[in-house]
Amino acid sequence: MSEFDLGKFEEEAHESWIHAFESNPSNLEKFYLTVAYPYPSGAMHVGHGRTYIVPDVIARFWRMKGRQVLYPMAFHVTGAPVIGISKRIANKDEKTIRLYRDLYKVPQNVLDEFVDPLTIVRHFAGEYQRVMTACGLSIDWRRRFTTVDPTYSKFIEWQWKHLYEAGHVIKGVHPVRYCTVDENPVGDHDLLEGDKSEVVKFTLVMFRYGDSFIPTATLRPETIHGVTNLWANPTVTYVKALVDGKAWIVSKEAAEKLILQDHTVEIKEEIHGKDLIDKKVSHPLCGEITILPAEFVDPDMASGLVMSVPAHAPFDYIALRDLQQAGKYKEIKPIPLIKVEGYGEIPAQYAVEKAGIANQMDSRMDALTQEIYSAEFSKGKLFEKYGGKPVRVARDDVAALMVEKYDSAIMYEFDQRPVICRCGNQVRVKILHDQWFLKYSDPAWKQQVSDHLGDMALVPAEVRAEFDRTVGWLKDWACTRRVGLGTRFPWDTTQLIEPLSDSTCYMAYYTIAHKIREIDSKLLTPEVFDYIFLGKKSEDLPEKKKLDAMRAEFLYWYPYNYRFSAKDLISNHLTFQIFHHVSIFPKDKLPAGMVVFGMGLLNGAKMSSSKGNVFLLEDAVAEFGADTVRMFLMGSAEPWQDFDWRNELVISTKKQIERFYATIMEMKDANGEPHDIDKWLVSRLQSHIERTTEALNNFQTRQALQEAWFSIETDLKWYRRRLPDNCDGSRELHTLASVWVRLLSPFIPFTGEHLWKELAGEGLVSFAPWPVADKKLISPRVELSEELLSRTVEDIESIMKIIQITPKAITIALAPEWKHDIFRTIAQSADRNTVIKEIMKDDNMKKRGKEATDAARQCTTLIHRLPPQVVTPLTQEPINEHAVFEDAKTFLEKVFGVPVHITDAESGVHVKAATALPFKPAIIIE
RNA sequence: GCGAGAAUACCCAAGAGGUCAAAGGGGAUCGACUCAAGAUCGAUUCGCGCAGGCGUUCGCAGGUUCGACUCCUGCUUCUCGCACCA
């Protein structure tokens, strides 16, 4: 007998699996599943393990169910992260080098090569494939590709041609967060501070000041009619600069910002803030006004100068009031221009006084400003003399008018500051030109996506709401980049296609990936792909025979059945791919389903490579064995739940596999004659088969393991207890072993292959037929009898525990026939309130009086407590309780070590016998 | 802040109005087998009970119902997402 040695099983299986999972179109029905391809910039940890093992278990399950299964894998290497990594390594960044050298265990000579970004992804792509293979993933590796392969780029170009022609790709101008030191846009994850900041759009209202303009930044251009003065900060240094050839006065900071926002700026002279105070300025829409001093004016906020509307802005109101209380500028009065219900004549005054705010420093000022702003925007209306329009309309109208006729410009600014880049520099808003977008905001496109989403199978069902919301929420997506790896953008080859945007239809590419390599990428025109994927014929197609083969391959496999991914991708990748599919592919080739995963924890904390809180998958496989890792990951939570990796729990998983191995080895040679209890074991096995199958149909790996592993094990324990003395298991055990190995082999395929060979199974267990429950072998009678017996044993045990006497004998007294009648009547009756009356009408029962009503009440309680799958068959055809206990008498005596008597309750043995009920005999321990 | 989901005994977790003191697993404790350890098997794991029972529980506070772990409302806490990033 061979020893349990996972390492050896792995070696054997790998040998037999070479090329085994390469999958081609056939007569069988297909099952195509994909998983989000990895970006290989580091080593795999156990969290990655689950991402790829769940689909593998499902793939193996469907393969055994007789489907032609395709599970492909590729590597996403486009984008910028790896560029940053190589730069950091080139700059000898200690932290990065430590991560790669010590945690990921990259040999020094390889690490030296990492100054080239492509080397990094090539190295780790190789590592990924090696570790994935070690985990037993049944991947068709012939189809492997990377997203920088020339043929893949051709595929992307084809795809984008279609998106462009459909009007989904548009060119625009876009304000972005920009670091002037890095000379690059910065994403949220690159920010040290201000990661919640948003870019807001200010209108610069241009006041005339001598030969210059003073631009004041506002979000409320419609309030121009209520401007009473400007605010300048007397402590700040302003500059006079030629902006696009015109003289502007702005803060120093603003001058720098304007350069990034499409203006030419030439600074002429500095002007001290205090020199602006009391100067006159004018604007055609409000006439001549004065510049007043205010320290709240922030030079780093937009232009550094603001207009004052004391009637509608609490800050302006208070600042003016403070000055007036000091006896200055008494002649200035707030000019209201917006009517808003519930805020009196002058809303800012009303709100400030109502809140009892004493001065500018009050902490409630921001909230108050926000309140007035919202109230006026949603409910406010301009006075008739200013046009009478609602604020929400007037705002845009006035802004447009100002830009058109009164020299106004737009200035972008953050809604909060500071915003600091990872490099420590202040982040600015920069306007990017020639920025291209995918027009996800297009309502018609959204509608197509929503419609298809409704037809898709989403697992678990709860994620549907999040998908729906994402489709509604998506705005235009900037889809070109200036740095990184990737495919050139066809309409501006200085730019690259953004890495999420090149990963939306590659599931279709898998179907042809191994064949398209044979064609020179220069020949891969859009017409070639039109033919392969859309069946569009055109003249002069190259390599027609090969194209036909690819077309056939695509038609066979597509659409994919299920896509697997972690839930954090719902709001981008998973939704994007539906957008792209509905735009390019015909209806019958659209994605069929998705399975969304939960996240992984390590010892209760989030896994994070940068924090060092990772356990490498390769180390886990080496330490515990691939099957252990697989079974642990599948059994610790359902795929969509978060899971937690804990080494001490993994160890006990390994013991379980070992126990399974020992049990199968023990059963494989069993060949005794079947006993009564075998019928029970076989009957139970059928429902375990059914339930395991059902669970895997629904991707419930944990539930499936529960059924296929623990339920069967529990049954076997009872079986062994019930086996007569000196009896070995029967030949039925051999059948059970064969079924059991197959049920578990999607989870533990290495052990599965080994045991399958031990059982003399045909071929590989990976391709063995999935067990099917045989209804004929299910015997409810037998199961019910065992249920009665085991319940009674439990009862006896629980009584013995309490009474603490050493029993000399046990008597089991069975309920008389008339109690069975009552039990049946109650179980079958619809109305439990009147059923007792019904029963008592019977003369036979009347005679028994209280005894009968008591029995009826007890039966009612009992029926409530028994599961319906017990009650229903009992009412249809009662089991012969006497026979059950007589047959099990030897067993009972063995268990309890005392003589067991079986008798009828009414034979007068004991007063306690009166408590006997159907399915619940009275127990007398003496 | 906004959107989506979650909260069950020592831990993980099943549970979709009466089958619930609540499956299963883990851990722990006790016992059996062993010279011993490991493995395996059995028992216990909310409290109280010398007869199969009773009492109190499923984040917190209310509500609906004859009856709620399950439905509704509010609150608290946690996870994920909120974009130009894989």
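Outside its neighbours within four places in sequence, Ile-902 is in contact with Ile-812, Leu-814, His-882, Phe-885, Glu-886 and Lys-889. The model is a predicted one, and in it Ile-902 belongs to strand β31. Ile-902 counts as buried because its relative accessible area, 12%, falls under the 20% cut-off. The C-alpha atoms of Ile-902 and Gly-356 are separated by 89 Å in space, and the two residues by 546 positions in sequence.

Strand β31 is part of an open, three-stranded sheet with the order β31-β30-β32 and mixed pairing. Strands β31 (900-904) and β32 form the edges, each pairing on one side only. From one strand to the next, the twist averages 20°. Strands of a sheet pair through backbone hydrogen bonds, in either a parallel or an antiparallel manner. Strands β30 (residues 810-814) and β31 run parallel and are joined by five bridges. Within this pair of strands, Thr-811 has His-901 of β31 as its bridge partner.

Two helices that pack on the sheet are α27 and α34. Helix α27 touches β30 and β32, and its direction makes about 40° with that of β32. Helix α34 (residues 889-896) touches β30 and β31, with an angle of about 130° between its direction and that of β31. Lys-889, one of the contacts of Ile-902 listed above, falls within the residue range of helix α34.

RNA strand B is surrounded by 60 residues, of which the closest are Tyr-39, Arg-469, Arg-481, Asn-572 and Lys-606. By residue class, this surface comprises 26 nonpolar, 15 polar and 19 charged residues. On the RNA side, sugar or phosphate accounts for 64% of the strand B atoms within 4 Å of the protein, and bases account for the rest.

Individual atom pairs involve both the phosphate and the bases of RNA strand B. A polar side-chain atom of Lys-655 is placed 2.8 Å from a phosphate oxygen of RNA strand B. For Thr-915, a side-chain N or O atom is 3.4 Å from a base oxygen of the RNA strand. At Ile-925, a backbone N or O atom lies 2.6 Å from a base nitrogen of RNA strand B. Elements giving two or more residues to the surface near RNA strand B are β3 (169-179), α14 (463-473), β21 (477-478), α22 (647-667), α24 (701-722), α27 (780-803), α31 (850-865) and β32 (922-925). Strand β32 and helix α27 thus appear in both descriptions: β32 is an edge strand of the sheet, α27 packs on that sheet, and each contributes to the surface near RNA strand B.

Key:
Residues are numbered from 1 along each chain as its sequence is written. Chains are lettered from A and ligands numbered from 1 in the order in which they are written. This is a predicted model: local features need pLDDT of at least 70, side-chain atom pairs count only at pLDDT 80 or more; totals for chains, interfaces and linings use all residues. Side-chain values use heavy atoms; hydrogens and water are left out. A residue is near a molecule or strand if one of its heavy atoms lies within 4 Å of it. A polar contact is a pair of N or O atoms within 3.5 Å; within protein, one must be able to donate a hydrogen and the other to accept it, and residues adjacent in sequence count only if both atoms are side-chain atoms. Helices (H or I, at least four residues) and strands (E, at least two) are DSSP runs, numbered from the N terminus. Ala, Val, Leu, Ile, Met, Phe, Trp, Tyr, Cys and Pro count as nonpolar, Asp, Glu, Lys and Arg as charged, and the others, Gly among them, as polar. Two strands pair if DSSP finds at least two bridges between them. Axes are lines fitted to C-alpha atoms, for helices over the stretch in contact, and angles run from 0 to 180 degrees between N-to-C directions. Contact means heavy atoms within 4.5 Å. Buried means under 20% relative accessible area, exposed over 50%, partly exposed in between (1.4 Å probe, protein chains only).
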